[in-house]
Amino acid sequence: MSIFKRIKTATQTRAGVYIFYVLAAAAITLLHSAKWAYGWIATSYPLGTLFVPACFAALCVCAAATLGFSFAPEKRRTSRAARVGCFIFCFLSGALFVFTVMLQFSLDQGIDPYSLKNGMAGLAPNLPFFSVAAALPFLFVLFSRYRKRTRAILALIISLAIALPVFCVGVPALRPFAFSANPLVLDIGNDQYSVVFATNRDSVAWLTYTAENGEVVQAADSGHGSLNAGRLHQFNVPREEFNGAAYTVSARELRSWMWVNVLFGGEIESPEFQFRGEYKDELNILMATDWHHYPENALAAAARLPAPDLFLMLGDYATVYNSEDELIRCVLAAGADMTKSEIPAIFVRGNHEMDGRLAGSVFPSLGLDSFYYQVRRGNVLFTICDGGNDEWDSEKISLSYGDSYRGGQLDWLESLPAPEENTLHFAAIHIPGFVDNDAAKQARFFAALERLGVGMQFSGHWHELYLALPGQDDYMEPPFPLLVAGGPAGGRFRGNYLCSMAQVTAAGTVRLTARDKAGALLMDEVLDIR
């Protein structure tokens with residue numbers, strides 16, 4: 001008998017059915033635990049947020065069929081359809097198990113002890129569910145004397161008990177209508193803010209604010225004369241008018257849109273937020289980078305630093321953008337939590353913001369016309385540059401990161417006028433040297449920033465805390481101080497995380513501090529950037 005026939009025969013036994021059922025339950029547990037994923041395997045993640053509940057629904061049906069009508073004893077005659085269906089279920093269970101093991105532990109990138117440790121940390125909270133799911137079929141030992149129909153009904157009930165809790169949590173339509181991200185206020189230049197928030201289901205939305213002069217302004221999320229319907233909502237507001245404003249956001253659920261007939265659901269409104277806007281005497285710039293699906297690490301480290309006036313987001317917030325949920329949880333909700341919706345943030349795109357099927361469409365929803373731009377706040381000027389890598393395939397975004405894109409950005413930098421005298425000028429880019437392994441472009445990048453009078457640069461990408469000073473750094477040789485602002489320190493998955501702060505005075509001194517999640521002070525330097 002061939003190996004294939006032996007495997008096929010094994011799947012027709014009660015033991016075989018149970019083994020592959022356990023593999024399916026393990027696969028879904030792993031999938032539910034995979035908050036992060038590096039590498040090509042993550043771009044194969046289908047259906048977005050519906051993948052997990054769809055797998056649970058399939059497990060429910062297959063478990064009811066295979067456990068309720070078990071094939072033991074082996075000599076019992078069964079229909080060809082039942083045998084084929086059982087084999088297909090077993091094959092898919094095994095394939096899904098292999099896929100999710102690779103996804104959870106990043107095995108497509110090789111065996112990495114830090115990946116294994118991080119994967120187990122994500123899996124541990126869900127192991128009780130897996131234990132219950134694996135043990136439930138043993139109840140059929142008690143039911144073996146019952147009729148086939150009774151066993152089938154019991155199998156369906158048990159399978160529903162396994163699948164329904166996670167299915168209800170995973171399907172947005174079964175959760176109460178609510179905000180999934182509080183407002184994040186981005187300073188996008190051109191004397192404007194972009195206010196962005198999200199709901200957990202499609203809705204139409206409004207922004208209402210009271211300016212410092214007492215004028216009440218209400219704006220609707222609209223385009224081309226009609227309300228925009230969706231989960232993400234974005235508003236452009238004048239910076240001068242919004243500074244110091246008290247504001248709320250509200251949304252009304254949109255349950256159906258049938259030609260010209262609209263059916264609305266409930267309405268929700270946020271608490272009132274007091275936006276501080278412009279700083280006064282000293283600008284405290286909070287910097288966080290490379291939280292890679294774990295914004296709670298950045299929040300814990302940021303809480304150890306002084307209260308910020310501005311949040312500088314330095315890239316690599318998630319790894320793969322295959323659904324809006326990655327943008328909502330890892331960018332919008334994380335940014336809103338860091339700023340408490342009360343201070344502005346500046347968005348810098350990292351190389352991981354290239355990854356995933358939706359990476360090219362979700363980020364324009366932040367209200368940015370470009371990913372390289374300038375922002376002025378009082379006498380402080382920020383030049384924001386776009387850092388990416390040279391990869392290109394069908395899963396990457398439609399905007400090219402090749403030589404033409406980088407060349408256009410360098411042309412833009414070289415065309416900018418020199419800022420006014422007494423301007424404190426900072427540059428921000430995810431990749432410290434503009435592009436990895438290209439000395440010519442790196443030299444051109446630093447020369448353009450030096451001509452513009454940049455006093456200091458802030459970056460991420462390296463997953464460490466590093467201060468490069470002119471004349472003291474042999475790797476990049478920057479003409480001005482360059483801070484790599486931390487992140488998951490010491491390597492990708494070592495478990496610690498660092499945040500940095502730059503306290504800028506009008507006199508041109510910058511105090512750089514950095515702390516980890518436990519509050520340990522890892523940097524305290526004072527520089528004069530005049």
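The following legends describe an overview and several close-up views of one predicted protein model.

The model is predicted, and local features need pLDDT of at least 70, side-chain atom pairs count only at pLDDT 80 or more, while totals for chains, interfaces and linings use all residues. Residues are numbered from 1 along each chain as its sequence is written, and side-chain values use heavy atoms, with hydrogens and water left out.

**Figure 1. Overview of the protein, with 13 helices and 21 strands.** Helices (H or I, at least four residues) and strands (E, at least two) are DSSP runs, numbered from the N terminus. Of the 530 residues, 53% count as buried; buried means under 20% relative accessible area, exposed means over 50%, and partly exposed lies in between, with a 1.4 Å probe and protein chains only. The accessible surface comes to about 23,900 Å², and carbon and sulfur atoms hold 57% of that surface. Such areas come from the Shrake-Rupley method with a 1.4 Å probe, and for residues only the protein chains shown count as cover. A contact means heavy atoms within 4.5 Å. Among contacts with a separation of 6 or more, 73% are between residues 24 or more positions apart.

**Figure 2. Strand 18 and its pairing with strands 16 and 17.** Two strands pair if DSSP finds at least two bridges between them. Strand 16 (residues 456-459) runs parallel to strand 18, and three bridges join the two. In this pairing, Phe458 is placed opposite Leu483 of strand 18. Strand 17 (residues 464-468) is antiparallel to strand 18, with five bridges between them. Here Glu464 faces Gly486 of strand 18. Strand 18 (residues 482-486) is largely enclosed by the rest of the structure, because five of its five residues are buried. In a regular strand, side chains alternate between the two faces of the sheet.

**Figure 3. Thr423 in the loop between helix 12 and strand 15.** The loop that holds Thr423 lies between helix 12 (403-415) and strand 15 (424-428). Thr423 has a relative accessibility of 14% and therefore counts as buried. A polar atom of the Thr423 side chain lies 2.8 Å from the backbone oxygen of Glu420. A polar contact is a pair of N or O atoms within 3.5 Å; within protein, one must be able to donate a hydrogen and the other to accept it, and residues adjacent in sequence count only if both atoms are side-chain atoms. When residues up to four places away in sequence are not counted, Thr423 touches Arg376, Asn379, Leu381 and Arg530.

**Figure 4. Two salt bridges between buried residues.** A salt bridge is a side-chain nitrogen of Lys or Arg within 4 Å of a carboxyl oxygen of Asp or Glu. By this rule, the structure has 11 salt bridges. In one of them, the closest N and O atoms of Arg201 and Glu253 are 2.8 Å apart. This pair links distant parts of the chain, as Arg201 belongs to strand 2 (residues 192-210) and Glu253 to strand 7 (residues 246-258), 52 residues apart. Arg201 and Glu253 are both buried. Arg349 forms a salt bridge with Asp386, and their closest N and O atoms are 2.8 Å apart. Arg349 lies in the loop between strand 12 (345-347) and helix 11 (359-362), whereas Asp386 lies in the loop between strand 14 (380-384) and helix 12, 37 residues apart. Arg349 and Asp386 are buried as well.

**Figure 5. A salt bridge between strands 20 and 21.** The closest N and O atoms of Arg511 and Asp524 are 2.9 Å apart in this salt bridge. Arg511 is in strand 20 (residues 509-516) and Asp524 is in strand 21 (residues 521-528), so the pair ties together parts 13 residues apart in sequence. Arg511 counts as partly exposed at 39% relative accessibility, and Asp524 counts as partly exposed at 37%. Elsewhere, salt bridges that share partners join Asp187, Arg239 and Arg377 into one network.

**Figure 6. Asn496 in the loop between strand 18 and strand 19.** Asn496 precedes strand 19 (498-505) in this loop. With a relative accessible area of 29%, Asn496 is partly exposed. The side chains of Asn496 and Asp516 are joined by a polar contact of 3.2 Å. Leaving aside neighbours within four places in sequence, the residues in contact with Asn496 are Gly487, Pro488, Ala489, Asp516 and Lys517. Asn297 is 199 residues away along the chain, and its C-alpha atom is separated from that of Asn496 by 8.0 Å.
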